[in-house]
Amino acid sequence: MSRIESTNDFVIKFANVNGSGSASANELLARAILRMGVPVSPSNIFPSNIQGMPTWYELRVCEQGWLGRRGGIDLMVAMNPQTWDADVAELEPGGYLFYDSTKPLPPGSLRDDITAIGMPATAICNATYEDPRQRTLFKNILVLGALAELMQVELPVIETLFAEQYKGKEKLLDGNVQALRAGAAFAREHLAQQGLGLRVQRADAVGDRIFAEGNAATALGMVYGGATVCAWYPITPSTSVAEAFQAYCKQFRTDPETGEVRAAIVQAEDEIAAIGMILGAGWNGARAFTATSGPGISLMQEFLGFAYFAEVPLTIVNVQRGGPSTGMPTRTQQADLLACAYASHGDTQHVLLFPEDPAELFEFAATALDLADRLQTPVIVMSELDIGMNQRLCRPFHWDDARRYDRGKVLTREDLDAGRKLERYKDVDGDALAWRTLPGTHPSKGAYFTRGSTHNALAVYSERGDDYRYIADRLQRKMVTAAQLAPQPAVRAAANTTHATRLAVVYFGSTAPAMDEALHELAQEGLHLDALRVRAFPFAASVGEFIAAHDTVFVVEQNRDGQLRTLLVNQLEIDPKKLRKLLHFDGTPITARFIRDAITQSVHQAAVGSPA
């Protein structure tokens, strides 16, 4: 049997049960490898209940820098009997199985093409600790120590992480360090001879990049972007956006004299109330947002339509999860595009932003607040569970201290006193954006009636067809302006080719790191594709131009129905035959292997089926 031998390039997967504390130990391993200068990318796959159900933690270690899921597992740390068969089946040929050997395995539990390494972790902990909770928690640290020893992860690095985590709690620190060293000692004495061919070696491949969680990055972007109001209702996987915003406001928005936090953070009774609160705050001139997920978007439909038609700034962070209905609350998808793009009844259209990682979540959160004010319309940041609730290696966040908030077309008291006339819903500048005033601007001028019913350019109630058409047409033209102001697509020419390619790929969001690796592998196989990453909807004109320049365009997305493709066909009037669906929707993050194999197979089938 040929065993996998690799340094700084492999995938580990931990299989355990929710509530066992395994995720914390697994993250320690990820951070230790990162501090040794080797890039890592974790994915925490957990159930929607509190504890007792299967949970997995997949860790990609890659000095070359690929941060998406690769596909395939080199080392399975199998600690859950319930998922044993599936976990063992997931291993690559020549891979390694690390398991708790306290109880003997039944016949036929292993594969002939893998190496099994058993450690009686439960027996060791039962003999060492009397407290049942300590036995469970320290078993994870014991296993961490053994794996660190076998993979040559430096124990002092992990101990430093413990010291940082338990500063001022020496009793907890000492217990964890002892369990870590005991696991390492056991591995040296009893397991080293079995030979784990996966090793970590110090490198310098991380650079100045940071390890950040997407939801926290979003919250920090909202603070820097000037948000002072957050109304929210708890829902997985967006709850930590509001919690992080509250923590950051306490840190950065506290009055030094009074100690009061200069922000309003309200946990509403439901999602309908939450969006109603930020709608009112936006109408009053505050920068406000709510964070939710797909079911929350479903409940917010009526207020979204009101904000669109009454032209009130409104910002939503939608951390997408699996649907429909309750769906898969703790699994990732990109399946809310159509629901968000056209949310509410009648002819409505909303601005969507598609970040790829925590760095763009930070940037897009602030940008969304600017766009909502400038465009006087709802703007939805389309985050995803994969980047929202996982740690990602990304470039450092950047903020220009000279940057000023874009409040859009707001008439001041001085403007009104100087003779400027408010024509609330009239396009006077040719960009489809009207001027507004904020409540209390002037004692006698600049007031208007905000309504969700039909109105004319002066905000007066009207059911005249020509008045309605004027407003509806201007709102449609406003989306043209939005396409120009929103983040533009990222275009990348095919690598290692001197001639134009007729093949291309369009993708968005968290698909980016897996796509980067897949394109690299395809190029090595002689298959070259131009690539465009969509970063906003409505689409920039360059998106249509890019598609028109190619014969076949693969549209890669993580949903069942090809929702991005539907938007491209609908908005840009593209021939659907030109756009080939490449869909991944099992709730796990897409892999580079899936993208590479799907494109290769499609191109091969097209070549075989083409006339000679």
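Within strand β15, Val 381 is the bridge partner of Leu 353. The structure is a predicted model, in which local features need pLDDT of at least 70, side-chain atom pairs count only at pLDDT 80 or more, and totals for chains, interfaces and linings use all residues. Residues are numbered from 1 along each chain as its sequence is written, and side-chain values use heavy atoms, with hydrogens and water left out. Helices (H or I, at least four residues) and strands (E, at least two) are DSSP runs, numbered from the N terminus, and two strands pair if DSSP finds at least two bridges between them.

The Leu 353 bridge belongs to a stretch where β14 (residues 351-353) and β15 (residues 378-384) run parallel, joined by three bridges. Both strands are part of an open sheet of seven strands with mixed pairing, ordered β11-β10-β12-β13-β15-β14-β20. At its edges stand β11 (264-267) and β20 (536-537); each has a single partner strand, so one side of each is left without a neighbour in the sheet. Helix α8 (residues 239-252) packs on this sheet and touches β10 (229-232), β11, β12 (288-292) and β13 (314-320), where contact means heavy atoms within 4.5 Å. The direction of α8 makes about 150 degrees with that of β10; axes here are lines fitted to C-alpha atoms, for helices over the stretch in contact, and angles run from 0 to 180 degrees between N-to-C directions.

A further open sheet, of five strands, follows the order β17-β19-β18-β21-β22, again with mixed pairing. Its edge strands are β17 (490-492) and β22 (579-583), and because each has a single partner strand, one side of each is left without a neighbour in the sheet. From one strand to the next, the twist averages 20 degrees. Five bridges link β21 (residues 552-557) with β22 in the parallel sense, and Val 555 stands opposite Lys 581 of β22. Helix α17 (residues 512-524) packs on this sheet, in touch with β17, β18 (503-508), β19 (530-534) and β21, and its direction makes about 160 degrees with that of β18.

Empty space comes next. Rolling a probe the size of a water molecule over the atoms shows where such space is left. On a 1 Å grid over the protein atoms alone, a cavity is a set of points where a 1.4 Å probe fits but cannot get out, a pocket is an open set with protein on both sides within 12 Å along at least five of seven lines, and lining residues have an atom within 4 Å of a point. Grid points are joined across faces, edges and corners, and a volume is the space filled by probe spheres set on the points.

The largest pocket holds about 510 Å³ of space. Its lining counts 20 residues, with Tyr 308, Gly 346, Asp 347, Thr 348 and Tyr 468 nearest the centre. Helices α11 (301-310) and α16 (465-485) each supply at least two lining residues, and α16 provides the largest share, six. By class, this lining has eight nonpolar, nine polar and three charged residues; Ala, Val, Leu, Ile, Met, Phe, Trp, Tyr, Cys and Pro count as nonpolar, Asp, Glu, Lys and Arg as charged, and the others, Gly among them, as polar.

Six cavities of 30 Å³ or more are present. The largest cavity encloses about 120 Å³, and among its 13 lining residues Phe 14, Asn 26, Val 77, Asn 140 and Val 143 are closest to the centre. Two or more lining residues come from each of β2 (9-17), α1 (22-35) and α4 (132-151), and α4 gives the most, five. This lining divides into eight nonpolar, four polar and one charged. The second largest cavity has a volume of about 90 Å³. It is lined by 14 residues, of which Leu 67, Gly 68, Arg 69, Asp 386 and Arg 392 lie nearest its centre; by class there are five nonpolar, four polar and five charged. Helix α17, already met on the five-stranded sheet, supplies at least two residues of this lining, as do β3 (40-45) and β4 (54-62).

Finally, some local backbone features deserve a look. The peptide bond from Thr 236 to Pro 237 is cis, with omega near 10 degrees, and Pro 237 sits in the loop between β10 and α8. Gly 323 and Pro 324 are likewise joined by a cis peptide bond, with omega about 0 degrees; Pro 324 lies in the loop between β13 and α12 (337-341).
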